[in-house]
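User: I would like to learn how to read a protein model feature by feature. Can we start with the overall picture and then go to the side chains?

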Amino acid sequence: MKKLVFLVAFVAATLMTYANGPRAIGANLGYSAGFSYQHGFGEKNMLDVAAHVPFLEGFGIGGHVTYDWIDPFNAPVPWDKRGEWHWAMGVGGAGGLYNFSDMHWYAGVAGHIGIAYDFWFPMELSLDWRPTIGVDNCHDGNIGFGIGGLYSGVSLGIRYLF
């Protein structure tokens with residue numbers, strides 16, 4: 001598990017170092033409290049990295065890394081006022097540890113669907129859904145298939161754009 005976390009962090013750091021594009025940093029609040037970093041690859045793609053601490057599943061830490069397409073079907077939100085709306089969807093990976101004394105964990109495929117409003121100053125508000133499907137040992141100690149976040153993965157985000 002440590003090797004997988006290191007590999008994901010290394011790939012993310014490498015991509016962020018060599019790619020130029022818009023970036024955002026902020027927080028998400030919903031099914032958990034978390035940190036969010038987005039790194040753009042041009043106008044239509046971004047890497048979304050989110051780390052979070054859950055509210056309902058005991059003490060722990062988890063995260064998602066997704067590659068997102070911005071306005072993927074070329075259907076932007078029509079808006080003629082100040083600021084700009086956009087939406088994104090993507091796929092990637094997720095993992096986490098909960099209840100450290102019992103060492104519950106999960107790992108799997110993560111999705112991301114979100115809509116965001118970029119103000120005319122460098123701030124963004126977003127509504128995000130990050131479902132996860134994968135393996136876990138969170139419920140009875142046995143490794144099994146889990147569908148985490150399909151019902152509770154909604155969060156409100158606020159980010160500083162730079």
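User: How many helices and strands does the secondary structure come to?

Analyst: This is a predicted model. The protein has 1 helix and 10 strands. Read from the N terminus, the order is α-β-β-β-β-β-β-β-β-β-β.

User: What share of the residues counts as buried?

Analyst: The protein has 162 residues, and 37% of them count as buried. The exposed surface comes to about 9,400 Å². Carbon and sulfur atoms supply 71% of that area.

User: Which share of the contacts joins residues at least 24 apart in sequence?

Analyst: Take the contacts between residues at least 6 apart in sequence. Of these, 49% join residues at least 24 apart.

User: Now the rings. How many aromatic pairs does the structure hold?

Analyst: There are 9 aromatic pairs. To class a pair, look at the angle between the ring planes: under 30 degrees counts as stacked, over 60 as edge-to-face. Take Phe-119 and Phe-121: their planes are at 20°, so the pair is stacked. Their ring centres lie 5.1 Å apart.

User: Is Phe-121 buried or exposed?

Analyst: Neither label fits. Phe-121 has a relative accessible area of 37%, so this residue is partly exposed. The band between buried and exposed runs from 20% to 50%.

User: What kind of pair do Tyr-160 and Phe-162 form?

Analyst: A stacked one, with 15° between the planes and 6.0 Å from centre to centre. Both partners can be read for exposure too. Tyr-160 is partly exposed at 47% relative accessibility. Phe-162 is partly exposed as well, at 43%.

User: Which residues form one aromatic cluster?

Analyst: The members are Trp-85, Tyr-117, Phe-119, Trp-120 and Phe-121. Phe-119 and Phe-121 are the stacked pair from above.

User: Let us turn to a polar side chain. Where is His-86 found?

Analyst: His-86 sits in strand S5, which spans residues 84-98. Its relative accessibility is 11%, so His-86 counts as buried. The cut-off for that label is under 20%.

User: Which side chains does a polar contact join to His-86?

Analyst: Two acidic residues serve as examples. The side chains of His-86 and Asp-118 make a polar contact of 3.2 Å. Another polar contact, of 3.3 Å, links the side chains of His-86 and Glu-124.

User: What else is His-86 in contact with, leaving aside neighbours within four places in sequence?

Analyst: Besides Asp-118 and Glu-124, the list holds Ile-70, Asp-71, Gly-114, Ile-115 and Ala-116. So read a residue in steps: element, exposure, polar contacts, then the other contacts.

Technical notes. Residues numbered from 1 in each chain as written. Predicted model: local features only at pLDDT ≥ 70, side-chain atom pairs only at ≥ 80, totals over all residues. Heavy atoms only, no water. Phe/Tyr/Trp six-rings, centres within 6.5 Å; stacked < 30°, edge-to-face > 60°. Buried < 20%, exposed > 50% of the residue type's maximum accessible area, 1.4 Å probe, protein only. Helix = DSSP H or I, 4+ residues; strand = E, 2+ residues; numbered from the N terminus. Polar contact = N/O pair within 3.5 Å; in protein donor to acceptor, adjacent residues only side chain to side chain. Contact = heavy atoms within 4.5 Å. Areas by Shrake-Rupley, 256 points an atom, 1.4 Å probe, with all protein chains shown as cover.
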